[in-house]
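Biologist: Please take a close look at the nonpolar core of this model, and then at the loops with unusual backbone or buried positions. I would like one connected account.

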Amino acid sequence: MGLLAYLGSHTLDEDYAFVSRRRSVVGTPDTGRRRAGPLAAVVLLVFALLVMTAAAQTSRNATDDAKQRRILATQVENAREQLTSDRNQVRALTIQAERLQRLQLASDTSAQGVLEDISTLGTRAGTIAVRGPGVRLLADDAKEAKDVRQKVLDSDLQGLVNGLWEAGAEAISVNGYRLTALSAIRLAGVAITVNGRSLRRPYTVEAIGNRDTLPARFAETSSGQAWLDLQRELGLRLDITSVSSLRLPAADLPTLRFANQKPGGLS
């Protein structure tokens, strides 16, 4: 108990007591605090300068990045406009060449059969614009789609087109792009492409054929049944409307570098 009593009576260490008495003496210089004041001010000033320099550099970099983005966006837009202009010019020249070809063949009575064959083959190949009755289908994602499967995929559009061919469609276009034997519907990044061109939803599919039987025959195909399941289970939307007259544009003529006609005809 003697030790406990000693500790209880000496709770304040003598060194701490000495320091406390020294601080209580009036006029005792506090050199440490005086020295810390100017030094702290210098440190704060340097830190403020560093912060201001970093902020100015960040602002300058942000301005430069925004300027570069504007320049790139302008270049992309100009390239798109030029591409659209070139395509329109090619299409106009193709139409003009076809018209001149028809006029030349029409002046020769012996070439009437050739002209009809060219028209038939062009219609089947998709290189000639066609008009006729059919159906218009509007395919779109589910409302407030959150999962990727609630969105229309390239495989869904492929099934839709294949079902229409199976149902008796004679010509099909997707968002205004005519489908041919060389057309591909695929996913490129986050966009679905047809003939190498990106599409935007909703997807409009137009098919020329018997407008009275196409919807029912499409529903009977495996692709039609698959779309019914997509509507029922995932909420994908598909509206089919019969149309008395559709006009499908001609597809761009491909450049064939390796495929040549067999000598002596197709036999």
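Modeller: What follows describes the core and then four loop residues.

This is a predicted model, in which local features need pLDDT of at least 70, side-chain atom pairs count only at pLDDT 80 or more, and totals for chains, interfaces and linings use all residues. Residues are numbered from 1 along each chain as its sequence is written, and side-chain values use heavy atoms, with hydrogens and water left out.

A nonpolar core is a set of buried Ala, Val, Leu, Ile, Met, Phe, Trp, Tyr and Cys residues joined through side-chain atoms within 4.5 Å. Buried means under 20% relative accessible area, exposed over 50%, and partly exposed in between, with a 1.4 Å probe and protein chains only. The largest such core has 26 residues, and those with the most contacts inside it are L157, L160, L164, I172, V205 and W227. At least two residues of this core come from each of β1 (130-140), α5 (154-167), β2, β5, β7, α6 and α7. Here helices (H or I, at least four residues) and strands (E, at least two) are DSSP runs, numbered from the N terminus. The largest share, 5 residues, is supplied by α5.

Not counting residues up to four places away in sequence, V205 touches V135, R136, L137, L157, L160, L164, I172, S173 and V174; contact means heavy atoms within 4.5 Å. Another core, of 6 residues, lies apart from the largest one and includes I208, V243, L246 and L248.

Now the loops. T221 sits between α6 (214-220) and α7 (222-234). T221 has a relative accessible area of 5% and is therefore buried. Its side chain reaches the backbone oxygen of F218 at 2.6 Å, a polar contact, that is, a pair of N or O atoms within 3.5 Å; within protein, one must be able to donate a hydrogen and the other to accept it, and residues adjacent in sequence count only if both atoms are side-chain atoms. Leaving aside neighbours within four places in sequence, T221 is in contact with G163 and E166.

Most residues other than glycine have a negative phi, and most peptide bonds are trans. R201 and P202, however, are joined by a cis peptide bond with omega about 0 degrees, and P202 lies in the loop between β6 (197-198) and β7 (203-208). N175, in the loop between β2 (171-174) and β3 (177-178), has a positive phi near 50 degrees. N175 counts as partly exposed because its relative accessibility is 24%. N195, between β5 (191-194) and β6, has a positive phi near 55 degrees. At 32% relative accessibility, N195 is also partly exposed.
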